[in-house]
Amino acid sequence: MMHSGGYARGSRIGVLEILPWLVAIAAFFLLPEYLSLGARILIFILFTLSLDLILGYAGIITLGHSVFLGLGAYTAGILSVKAGIHDPFLQLIAGAAIGAGFGAITGAVVLRTKDLTQLMLTLAIAAIMMEVGNKANWLTGGADGLPGVQVNPLFGVFEFDFIGKTGYVYCLVVLFIVWFFVRRMVYSPFGAMLTGIRENTARMHALGAPVYKRLLVVYTISAGIAGIAGVLLTQTTQSVGLNVLSFEIAGDVLVMLILGGVGRIYGAFVGPTVYLIAHDELAKQFPEYWSFGVGFLLLIVVFFARGGILGLIDKISARVRKS
Amino acid sequence: MQKAGLRSAVAAVAVAALTVGASAQTIKIGVVNTFSGPQASFGEMIDRAFRLYIKLHADQLPPGVKIEIINRDDGGANPDKARQLAQELVVRDKVDILSGITFTPNAMAIAPIATQAKIPTVLVNAGTSVVVTRSPYYVRSSFTIYQHCVPLGTWAAKTLKKTFILVSDYAPGHDCQEAYTSSYTKAGGEIVGVIRAPVATADFAPFLQRVKDAKPDAMMVFLPAGRTATAMMKGFVDLGLKSSGIKLIGTGDIVPEEELPNIGDEAIGTITMFHYSAAGDRPANKAFVAAWRKEYGDKATPNFAAAASWDGMAMIFDAIKKQNGKLNPEKTVEIMKNFKTDQSPRGTISIDPETRDIVQNEYLRETRRVGGELVNVEIETASVAVKDPWQIMQKDKK
């Protein structure tokens with residue numbers, strides 16, 4: 001059974017919802033040596049959140065979400081390296097706009113199809129964009145990527161240092177703003193309509209809901225958010241490579257979402273955190289065999305916790321309440 | 001409860017004291033390398049070479065000095081991941097030296113960290129010329145594509161008048177095409193066709209047919225070492241290019257030691273230009289290969305990445321010995337910049353103090369069957385002490 005979205009539950013921010021932010025702030029002070037991993041986790045939370053919007057809430061199946069991450073990442077990189085625009089907020093806005101724009105264009109085609117056709121279309125678009133990135137050497141640097149991305153200090157004061165303090169706080173603030181926006185949206189009638197489309201499209205049609213338009217709107221928003229995640233990735237690592245457009249990263253983000261729990265905002269918080277920390281720790285212990293460990297983790301979730309980690313917690317707490 | 005707490009506190013202090021005592025003598029080398037994914041064999045080769053060198057030369061270190069290797073997996077060409085790993089190695093593990101770095105994009109992404117944190121970094125594979133210019137703390141012990149493809153062009157122009165070029169469509173492939181074309185046409189050769197094949201090409205038949213129709217004297221190939229190159233070799237024979245008299249030439253990447261058994265006799269007669277062959281008959285190389293087989297089994301053969309890592313570790317040892325175990329970043333780079341040895345498995349090598357790039361011989365090799373084993377026999381030293389031709393061209397442009 002899928003989680004039933006948020007509209008019915010009321011939109012007040014609960015006590016538990018403050019927890020992730022407290023953890024993130026505590027991490028800044030307690031784990032100063034892990035900030036670059038921390039920033040990576042925050043970025044992937046943002047990326048996973050964007051996927052959750054379309055997959056979890058609206059039921060759009062995609063294997064090509066990396067396109068929007070990649071577009072955002074390359075937008076920031078190209079602006080800095082080729083056009084000399086180093087302002088972080090300008091890059092952010094441009095990345096979001098280009099991500100959203102491409103989302104609207106491809107969405108107009110992709111969303112007219114369903115199920116496997118949809119899946120194949122997203123995959124094909126991702127493959128094409130990957131090859132475009134590879135071939136457009138003069139613009140993207142091809143397989144060498146675009147190194148040497150520069151980002152001006154935030155507000156002219158806070159420089160992006162290599163320890164990652166500025167990057168971490170910056171990512172956290174951006175994530176907070178996006179989260180607030182996504183949460184409002186999910187708890188709005190619009191969000192309820194998306195859930196309805198996912199659960200029973202025919203019925204939504206019968207009710208007179210403009211299904212295709214709604215899907216296109218959410219697809220565009222999701223693409224914009226993924227674009228923002230891409231910009232952050234470029235800004236914090238000061239380089240872009242073809243891997244941001246790869247099928248691998250599109251698969252990774254799907255795994256993270258499933259791990260955390262599909263169709264609920266906080267699944268997108270838990271999944272990337274667990275996945276990336278597990279990856280980091282396992283790869284440190286077993287540089288050759290870490291992927292076995294990650295695969296094993298996923299198997300466990302698929303077999304024993306269908307709704308992801310949050311689904312498992314739900315089940316356990318429900319059982320505790322009963323007894 | 002309290003007692004246990006006290007005891008563990010005492011133990012913690014003791015351990016802390018021990019580690020502090022040891023860390024003054026331990027030199028940490030952070031290795032960002034590829035241990036998983038399709039290119040994982042690089043990680044294994046490089047790691048084996050590092051460990052073997054350390055094992056055999058540990059007694060040469062100043063008394064009390066130990067070397068610790070910290071491996072991290074970047075999984076291939078993932079610049080953002082590589083950068084994060086390098087940053088953690090510097091901030092969290094406090095490494096003194098960075099090394100490994102198989103792929104060019106990763107090397108590009110790590111450069112700002114090496115510069116800002118002042119960490120001497122020994123590149124033991126990434127071969128695009130521009131990489132080493134990205135940080136004043138970068139020193140390269142491996143090779144550049146230009147180093148192979150320029151002498152190859154000069155040599156080929158002597159006997160082979162028409163060449164068809166087949167390269168992979170990515171930066172190293174483009175490098176090789178440009179390098180070969182520049183020296184080959186200067187020496188009077190003619191390029192009759194160029195194909196840039198997608199990196200992931202598995203079936204070369206359509207490309208090879210075009211080459212065959214153009215009837216060149218030679219086909220010059222640069223492809224990433226491994227299965228891709230092997231597929232091309234098979235097609236070259238199957239489609240009758242070999243029997244029609246077209247000479248197959250290229251860099252050593254098309255006939256790497258570990259792939260030769262998979263390619264089989266099709267490889268015989270291939271002419272390649274490279275900086276290292278496990279079959280090289282220099283005493284230093286024979287000792288290196290023998291030590292390798294003693295450690296990792298009779299079937300194991302070191303390749304070019306292993307040789308570059310072996311020499312890279314020799315450079316690190318040199319810097320440690322000359323500073324008596326107390327590393328200063330500027331001094332370390334200064335010593336590495338002036339590194340020179342005639343004991344490399346590759347022959348005499350040195351670092352160009354101006355560019356911090358490797359200077360080495362290029363060997364013309366032919367693949368032959370010797371004593372039942374396929375090997376790349378070095379038939380002549382095509383060029384002695386080659387500096388990266390790309391760097392020289394850049395200087396000329398200025």
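Leaving aside neighbours within four places in sequence, with which residues is B:Ala107 in contact?

**View 1. Surroundings of B:Ala107 in the predicted model.** Once its neighbours within four places in sequence are set aside, B:Ala107 is in contact with B:Ile101, B:Leu123, B:Ala126 and B:Val131. B:Ala107 and B:Leu123 also appear, together with B:Ala86, B:Ile110, B:Ala114, B:Met219 and B:Val221, as the residues that touch the most other members of the largest nonpolar core, which holds 114 residues.

**View 2. Composition of the largest nonpolar core.** Helix H11 of chain B, residues 304-322, supplies the largest share of this core, with eleven residues. Both domain 1 and domain 2 of chain B contribute to the core, at least three residues coming from each. A second, separate core of 92 residues includes A:Ala58, A:Val81, A:Trp179 and A:Val262.

**View 3. The two domains of chain B and their contact.** Domain 1 is made up of 2-142 + 284-353, and domain 2 of 146-274 + 362-397; their centres, taken over C-alpha atoms, are separated by 31 Å. Nine residues from domain 1 and 13 residues from domain 2 take part in the contact, and on the domain 1 side these divide into one nonpolar, seven polar and one charged.

**View 4. The fold of chain B as a whole.** Chain B has 13 helices and 14 strands, and its C-alpha trace spans about 85 × 50 × 40 Å along the principal axes. The radius of gyration of chain B is 23 Å, which agrees with the value near 21 Å that a compact globule of 398 residues would have. Of the 398 residues of chain B, 53% count as buried, and among its contacts between residues at least 6 apart in sequence, 71% join residues at least 24 apart.

Definitions and conventions:
Residues are numbered from 1 along each chain as its sequence is written. Chains are lettered from A and ligands numbered from 1 in the order in which they are written. This is a predicted model: local features need pLDDT of at least 70, side-chain atom pairs count only at pLDDT 80 or more; totals for chains, interfaces and linings use all residues. Helices (H or I, at least four residues) and strands (E, at least two) are DSSP runs, numbered from the N terminus. The radius of gyration is taken over C-alpha atoms; the globule rule is 2.2 Å times the number of residues to the power 0.38. A residue is buried if 20 or more other C-beta atoms lie within 10 Å of its own, exposed if 12 or fewer, and partly exposed in between; C-beta atoms are placed from the backbone. Two residues are in contact if their C-beta atoms, placed from the backbone, lie within 7 Å. Domain bounds come from an automatic or database domain assignment. Ala, Val, Leu, Ile, Met, Phe, Trp, Tyr, Cys and Pro count as nonpolar, Asp, Glu, Lys and Arg as charged, and the others, Gly among them, as polar. A nonpolar core is a set of buried Ala, Val, Leu, Ile, Met, Phe, Trp, Tyr and Cys residues joined through C-beta atoms within 7 Å.
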